[in-house]
Amino acid sequence: MKKRETQIDDPGQRCYAFPNKPTPSMPVVIDETKCTGCNKCVNICTTDVLVENPEKGKPPIILYPEECWYAGCCVGECPVPGALTMRHPLMMRVHYKNKETGEIKRV
Amino acid sequence: MNWEDVVRESGKPMEWPYPVRYGVVNDVDVDVVVLGGGPGGCMAAISAAKKGCTVALLDKAYPKRSGGGSGFDHWLNTPNPASSITPEDCVEWEAVTYKGYSNSLSRYIAAREAYDTLIEIEKMGAKIRDLEDEFKGAPFRDEKTKFLFCYDYENRFQFRVWGATFKPAMFNECLRLGVKVFDRVVATSLLTEGGRQGARVVGATGINMRTGELYVFRAKATINAMSCHQTSWRFSTESIGLDMFKPNITGDGPAIMWRAGVELAQMERSRAAVPPGYEYPSYGTGNWWNTWHPATMVDANGKEVPYVDAKGNTVPVEERCKPKPGQKFIAERSRDPRYSKPAMPSDLAERIRKGEFVLPLYADLTSMPWYERKAIWGIMVGNEGRTKIPVLVNYEAAGFNSARDMLQNYFTVSGEPYPSMDATLALGPYRMEAFGNGGEVVVDWDLRTNLEGLYAVGDAILAGNYYYHACATGRYAGRKAAEYAAKLSGAPLIDGAQVENEKARVYAPTKRRPGKDWIDWKELRFAGARAMQNYCGGLRNEGLMKTGLKWVRDIKEEHYPEAYASNPHILLRVLETYNILTVDEVILQACMARKASSEVLGHFRQDYPEIDPPEWRKWVTIKQAGGETKIGELPLDFHGDLAGNYEAHNPDYKGYLKKKRS
Ligand SMILES: Cc1cc2nc3c(=O)[nH]c(=O)nc-3n(C[C@H](O)[C@H](O)[C@H](O)COP(=O)(O)OP(=O)(O)OC[C@H]3O[C@@H](n4cnc5c(N)ncnc54)[C@H](O)[C@@H]3O)c2cc1C
Ligand code: SF4
Ligand code: SF4
């Protein structure tokens with residue numbers, strides 16, 4: 001056997017021995033360029049899916065995603081438009097149909 | 001950012017972000033402590049504070065949105081100036097529908113004071129009227145009061161409201177009145193006089209689910225507002241929140257009551273449910289019940305699936321919220337022909353199988369009158385607890401337009417997945433306990449339990465259900481608890497040994513290290529759910545349930561003591577698991593005590609197949625005394641003369657109905 005390529009992609013990249021993430025793994029998504037780290041979403045979260053970032057002013061951390069109740073209270077509380085969105089897991093996305101054209105789409 | 005990103009960024013595992021203070025004890029002294037800050041708990045706190053009491057309110061989450069706090073869309077059973085419906089009517093339809101298994105006592109109290117409660121919450125800032133005249137001319141609008149109604153446009157006692165505005169308003173009122181709010185403090189036990197089971201209640205303990213600190217509340221009166229139990233049968237390790245009908249309801253209430261010797265009833269009641277993990281977004285699919293009633297349904301080819309009345313006649317869109325001749329009124333939840341709303345044909349599955357309607361079905365709001373479309377998609381979807389952002393905002397952002405598009409329904413004829421109208425599910429292993437009118441605490445005309453000093457509100461009450469009921473009974477119990485507290489001279493005595501025992505119990509999971517079997521809370525809950533599915537499912541008998549009880553006790557006594565909590569959040573989940581297993585034990589014992597089958601209670605026994613025999617028309621009660629299970633019974637009409645008893649207990653109460661009567 002002879003190695004045809006000898007160069008490793010991304011040599012600095014560390015690979016961690018992570019366990020599987022629980023499913024759904026990301027019920028809410030934070031746009032870190034917009035988030036001010038005010039923690040209003042953390043405070044309102046019904047089930048402590050979100051916790052404060054140990055570093056003050058940084059975006060909260062989604063720690064217990066599988067416990068999300070999907071009511072979006074966190075989004076309602078966020079003062080920065082577009083910083084926080086709630087997403088239903090893929091298997092729950094519902095289809096709809098344009099009555100005139102019959103075109104079917106998914107939310 | 002999730003914890004993987006944190007690790008990737010910092011190169012280290014993430015430390016718990018809050019200070020951990022296991023063992024620290026905080027003493028809180030108040031007149032009234034309210035356990036649970038849902039709508040019931042908030043109203044109880046408000047009314048006790050208005051009576052001059054010092055009040056502590058605790059909740060697992062932040063009470064601005066906790067419990068039924070994200071919203072609701074219909075406020076039921078409320079006699080009001082636009083209606084001729086009486087409190088007796090409100091009680092009657094439920095008693096008829098549930099064949100006597102509805103708690104007419106708390107329902108009557110709620111109907112008597114529901115209008116006053118609603119107006120009081122409006123004054124706190126909730127929106128209950130169409131002040132902008134958005135629905136001017138709609139047949140469900142009362143032009144004078146600007147109230148909007150649902151389900152029965154003629155009898156007008158079921159309100160459409162902007163329910164997402166309620167909880168923030170009530171919470172602000174709590175703060176304004178100086179209620180001491182302990183958010184993320186979780187009640188773990190009741191404290192009783194001398195530490196004795198069944199004695200007067202003198203307060204409660206709690207732990208903070210972020211810091212792990214212990215709280216000892218000493219109070220003259222204690223109010224259980226922790227709602228009901230759920231998730232005994234349905235658990236999947238990964239879609240935990242998705243599968244919960246109500247957030248944070250894990251049987252803490254009934255388990256804490258049970259340990260203290262409080263009398264519960266109807267714990268054997270449950271109903272068929274879908275397997276965990278099969279959920280679609282609540283009220284986020286096209287359908288024809290509750291929030292979406294009376295949405296027009298069509299099949300894949302655009303052919304309308306008719307709404308039919310109890311006699312099978314087709315009901316056109318303009319008639320769907322009007323009682324038929326011979327019907328007194330329409331009540332939202334009733335399937336009794338006297339009060340039922342028109343619905344999809346009962347043989348729909350059969351007709352689909354034969355090809356009359358082609359799957360999938362859709363809800364077609366586009367063809368409905370503007371006011372129906374706007375009410376369903378906008379008020380109802382938009383205020384119902386999990387619809388404002390998840391459905392209304394998100395679906396529109398994804399391109400859905402209710403005036404142009406039809407939303408798919410996920411009806412299938414096989415029985416799976418959700419939502420199925422197929423009867424095959426009824427005998428399946430997956431059950432659901434708390435979806436309205438479940439078991440819970442027996443109360444008297446003061447909404448007091450069998451223990452002195454302890455009151456119950458909302459869904460924590462036997463057969464409790466609904467938002468109006470939670471708010472009205474909360475307001476009432478707060479008043480009664482305050483009156484009781486005012487009669488006591490000094491603060492009650494706390495039993496030190498009882499606190500020490502509870503402290504040891506609560507912190508035990510933090511002191512262990514992962515045990516020999518490496519069992520964690522999820523595995524315990526999975527096992528508990530399996531035991532309930534296999535031994536207390538759709539079809540039961542004595543031998544099955546005995547095995548089930550043995551298995552649940554094995555899990556609780558042999559394996560629970562292995563469960564380890566690595567931080568305060570996980571500690572809470574471990575403690576909740578103990579409560580769920582405790583509730584399972586109560587359910588199994590109640591099911592064994594009811595030696596009869598019952599349609600209403602969803603309790604089907606192979607060894608007692610006769611359905612609802614007359615001698616079993618009663619509630620089975622269950623409590624502990626001296627650590628032993630005591631089974632008792634309670635007549636279905638234990639409330640006695642409704643109006644007479646209410647008047648006798650509330651001679652000085654002045655409200656809308658009293659003024660109307662005099
Ligand atoms: C999505 C959804 C939609 C609904 N829509 C309607 C509707 O349109 N109309 C209607 O009439 N009803 C509706 N309901 C039902 C209604 O919301 C409930 O009947 C009502 O919320 C009951 O109020 P409650 O205060 O008794 O209990 P909950 O609202 O369940 O509140 C109980 C509170 O206790 C807290 N708690 C539990 N255990 C502990 C503990 N150990 N320590 C501290 N706190 C604890 C919980 O965090 C929670 O905040 C809906 C329910 C849901 C979930
Ligand atoms: S949707 Fe609800 S449970 Fe999920 S993260 Fe937001 S507030 Fe928490
Ligand atoms: S509320 Fe919004 S801005 Fe504040 S921390 Fe959360 S995501 Fe960031």
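I began with the cavities of this predicted model. Ligand 2 sits in the largest cavity.

I listed what surrounds ligand 2. A run from A:Cys68 through A:Trp69, A:Tyr70, A:Ala71 and A:Gly72 is there, and A:Cys74 as well. A:Cys45, A:Thr46, A:Thr47 and A:Val49 also belong to the shell, as does A:Val28. By class I get eight nonpolar residues, three polar and no charged.

I moved on to ligand 3. Its surroundings include A:Cys35, A:Thr36, A:Gly37, A:Cys38, A:Asn39, A:Lys40 and A:Cys41. I also noted A:Pro60, A:Cys78, A:Pro79, A:Val80 and A:Leu84 around ligand 3. Here the classes come to eight nonpolar, three polar and one charged.

Next I checked the contact between the chains. Chain A puts in 51 residues and chain B 65. About 5200 Å² is buried between chain A and chain B, with 58% of it on carbon and sulfur atoms. On the chain A side, A:Trp69, A:Tyr96 and A:Lys97 lose the most area to chain B, together 14% of what that side buries. A:Trp69 was already in my notes, in the shell of ligand 2.

Last, I traced a sheet. Six strands make an open, antiparallel sheet, ordered E6(A)-E5(A)-E15(B)-E14(B)-E12(B)-E13(B). Its edges are strand E6 (104-106) of chain A and strand E13 (304-305) of chain B, each paired on one side only. In chain A, I found three bridges between E5 (residues 95-98) and E6(A), running antiparallel. A:His95 faces A:Arg106 of E6(A) across that pairing.

Note on methods
Residues numbered from 1 in each chain as written. Chains lettered and ligands numbered in written order. Predicted model: local features only at pLDDT ≥ 70, side-chain atom pairs only at ≥ 80, totals over all residues. Heavy atoms only, no water. Near = heavy atom within 4 Å. 1 Å grid on protein atoms, 1.4 Å probe; cavity = no way out; pocket = protein on both sides within 12 Å on 5 of 7 lines; lining within 4 Å. Sits in = over half its atoms within 2 Å of the grid points. Nonpolar A, V, L, I, M, F, W, Y, C, P; charged D, E, K, R; others polar. Pairing = 2+ DSSP bridges. Helix = DSSP H or I, 4+ residues; strand = E, 2+ residues; numbered from the N terminus. Contact = heavy atoms within 4.5 Å. Buried area = accessible area lost by both parts, 1.4 Å probe.
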